[in-house]
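Visitor: I am new to this structure. Could you walk me through it with short questions and answers?

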Amino acid sequence: MVERSPTMLGSGRLFKAVSFRGITMISVRTMCFGLVSAFGLLLFVSDTQAGEYRVATFEADITIPIGHACMGGGVEDAKEIVDPLFAKGFVLTGTDKPVVVVALDWCQCNNDSYDRWRDVLAEAAGTTRRRVMLATVHQHDAPICDLTAQKLLDEQGLAGYNCDPKFHEQAVQRTARALKKSLGSFQRVTHVGIGQAKVERVASNRRVVSPEGQISWRRGSASGNIYDAPEGEIDPWLKTISLWDGDTPVLAWSCYAVHPMSHYGKGSVSADFPGIARARRQSDDPSVLQIYFTGCGGDTTAGKYNTGDPANRPVLADRLYQGMLAAWKNTERQPLDEIAFRVAELPLPARDDGNYTIEAMRKTLADSKATRWQRISAALGLSWRQRVDAGQPVDVPCLDLADGAAQFTILPAESFVGYQLGAQRLRPDSFVMVAGFGDGAAGYVPTDQCWRDGYNDHYCWVPQMTEQLILRAAAEALGAKTPKESPD
């Protein structure tokens, strides 16, 4: 169990020292908190009075039908269902309004697809869109859904190129029904658990350096051990947060930063190795719902340890499972006496050079000689541009449990692992779990250093050097000090 020291008052704040496995953490609760930044509004809701917290868990099958586009049309369409895709989540009450947390076994939800999911689930839970924390696990033999992009493709006679809006709505409604049904089976929550463990021989960074000193991002999900290069920048820790009723666990959600693919692209729909690992953990104790999120894995893959041989899938699954099991065994609990929820607005700009101008993307979209993926990419880019031009920011939410003892936040799209590590550094006093693959519309989101090192990829709709914007939003969501700007 976690032990707390006596409280210490100073400077209008309440400080609590928390010991977690020998590490002293100082959590800070501001007595009155409000912040408007130069670039966005931070919404802050905190439940400071002791009350009863309750949770309801739900899951729904959201497997795409045969013939549906996989990876948004970038690989072969669905030919067979190897294993089902799920939405798994929970509704937490006792706060100002319910909070919904949900992970989808889809590649991405972008723009109005992301908003549609959150709007419908919010209505089912009796809450608001901003209090629905949704992320995709990012398996590639699964859909990328961008409803605006598909509308643009429809105008070119390209129905179903990116996604099937009818199926999309069916999946949303099926999940909402499962959520609503779960509200009749709430369980009391009295404690929060936190645990972590290192995952061995799974993640490696895309960035590799050749013997000649050339930097590239050649290490994909199944590229093998290029140059025998080291793992590079990763977060080796798998983190697990759990909710308990006394000594009885109710649910657990785990997060690890790696692209979740062993082999893919041939139309075999699958939740891949995270789905296998999650199912094994679920079978360990069927009464405790297991949810899995992918961390900021835009630039981390299993490539160093994976050649794409199908035999690697169960191997990677076992390594991830062992990390999940170890994190569970390392879990320590403490009373859940306070929950806070914060949302920061992140106004990411649009890339507007070369092939990313509106004119260039419209030309590609209309070009019958362009490839399917080129036309889809143009539609995705135009969808993002419409959103940016309309002034709609990305939401960066944070669920704060037990006064900073555990915090769960979601960053957008394929944010690089440096953002996850940076967010954790913002709150060294707290157990910070960072999921990536929230609203997927921005594509890859490199760190400034990756841009300096020459990173460039067509699947990226944000301009260079957006790191300070993102870290400021993360700081606000986590209740941390806004980071100082670093020199270029």
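Guide: Start with one term: two strands pair if DSSP finds at least two bridges between them. Keep in mind that this is a predicted model.

Visitor: In what order do the strands of the open sheet with S21 and S23 run?

Guide: This open sheet has five strands. Its pairing is mixed. The order is S21-S19-S18-S14-S23.

Visitor: Which strands stand at the edges of that sheet?

Guide: An edge strand here has a single partner strand, so one side of it is left without a neighbour in the sheet. Two strands fit: S21 (289-294) and S23 (332-335).

Visitor: By how much are neighbouring strands of this sheet turned against each other?

Guide: The value is an average, and direction is ignored. It comes to 20°.

Visitor: How many bridges join S18 and S19?

Guide: S18 and S19 (residues 248-256) pair in the antiparallel sense. One bridge sets aspartate 245 against threonine 248 in S19. The count for the two strands is seven bridges.

Visitor: Which helix packs on this sheet, touching S14, S18, S19 and S21?

Guide: Its direction makes about 45° with that of S18. The helix is H5.

Visitor: Are the rings of tryptophan 244 and tryptophan 328 stacked or edge-to-face?

Guide: The structure holds 14 aromatic pairs. In this one the ring centres are 5.4 Å apart and the planes meet at 5°. Planes under 30 degrees apart count as stacked. So the pair of tryptophan 244 and tryptophan 328 is stacked.

Visitor: How many residues apart are tryptophan 244 and tryptophan 328?

Guide: Tryptophan 244 is in strand S18 (residues 237-245). Tryptophan 328 is in helix H5 (residues 312-329). The pair links distant parts of the chain, 84 residues apart.

Visitor: Is tryptophan 244 buried or exposed?

Guide: Its relative accessible area is 10%. Buried means under 20%. So tryptophan 244 is buried.

Visitor: Which residue has its charged end over the ring of tryptophan 244?

Guide: That charged end sits 5.0 Å from the ring centre. It belongs to arginine 333.

Visitor: Are the rings of tryptophan 451 and tyrosine 455 stacked or edge-to-face?

Guide: Tryptophan 451 is buried, at 6% relative accessible area, and tyrosine 455 is buried at 5%. Both belong to a cluster linked by ring pairs, with other members including Trp217 and Phe416. Their ring centres are 5.9 Å apart and their planes lie at 80°, so the pair is edge-to-face.

Visitor: Which are the edge strands of the open sheet with the order S11-S9-S8-S6-S13?

Guide: This sheet has five strands with mixed pairing. Each edge strand pairs on one side only. They are S11 (132-136) and S13 (187-189).

Visitor: What is the bridge partner of alanine 60 in S8?

Guide: S6 (residues 53-61) and S8 (residues 86-93) pair in the antiparallel sense over eight bridges. In S8, the partner of alanine 60 is alanine 87.

Visitor: Which helix touches S6, S8 and S9?

Guide: It packs on the sheet, and its direction makes about 145° with that of S6. It is helix H3 (residues 165-182).

Visitor: At what angle to S11 does H1 run?

Guide: H1 lies across S8, S9 (99-104) and S11. Its angle to S11 is about 140°.

Visitor: How many of the 14 residues of H1 are buried?

Guide: Among the buried residues are Tyr114, Trp117 and Leu121. H1 is largely enclosed by the rest of the structure, because the buried count is ten of the 14.

Visitor: How far apart are the end C-alpha atoms of H1?

Guide: H1 covers residues 112-125. At 1.5 Å a residue, its 14 residues should span 20 Å. The model agrees, with the end C-alpha atoms apart by 20 Å.

Visitor: How many residues of strand S24 are buried?

Guide: Ile339, Phe341, Val343 and Glu345 point one way, while Ala340, Arg342, Ala344 and Leu346 point the other way. All are buried. So S24 (residues 339-346) is largely enclosed by the rest of the structure, and the count is eight of the eight.

Visitor: What is the bridge partner of isoleucine 339 in S25?

Guide: S24 and S25 (residues 394-401) run antiparallel, joined by eight bridges. Across from isoleucine 339, the partner is leucine 401.

Terms used: Residues numbered from 1 in each chain as written. Predicted model: local features only at pLDDT ≥ 70, side-chain atom pairs only at ≥ 80, totals over all residues. Heavy atoms only, no water. Buried < 20%, exposed > 50% of the residue type's maximum accessible area, 1.4 Å probe, protein only. Helix = DSSP H or I, 4+ residues; strand = E, 2+ residues; numbered from the N terminus. Phe/Tyr/Trp six-rings, centres within 6.5 Å; stacked < 30°, edge-to-face > 60°. Lys NZ or Arg CZ within 6 Å of the ring centre and 35° of its normal. Expected span 1.5 Å × (residues − 1). Contact = heavy atoms within 4.5 Å. Axes fitted to C-alpha atoms, helices over the stretch in contact; angles between N-to-C directions.
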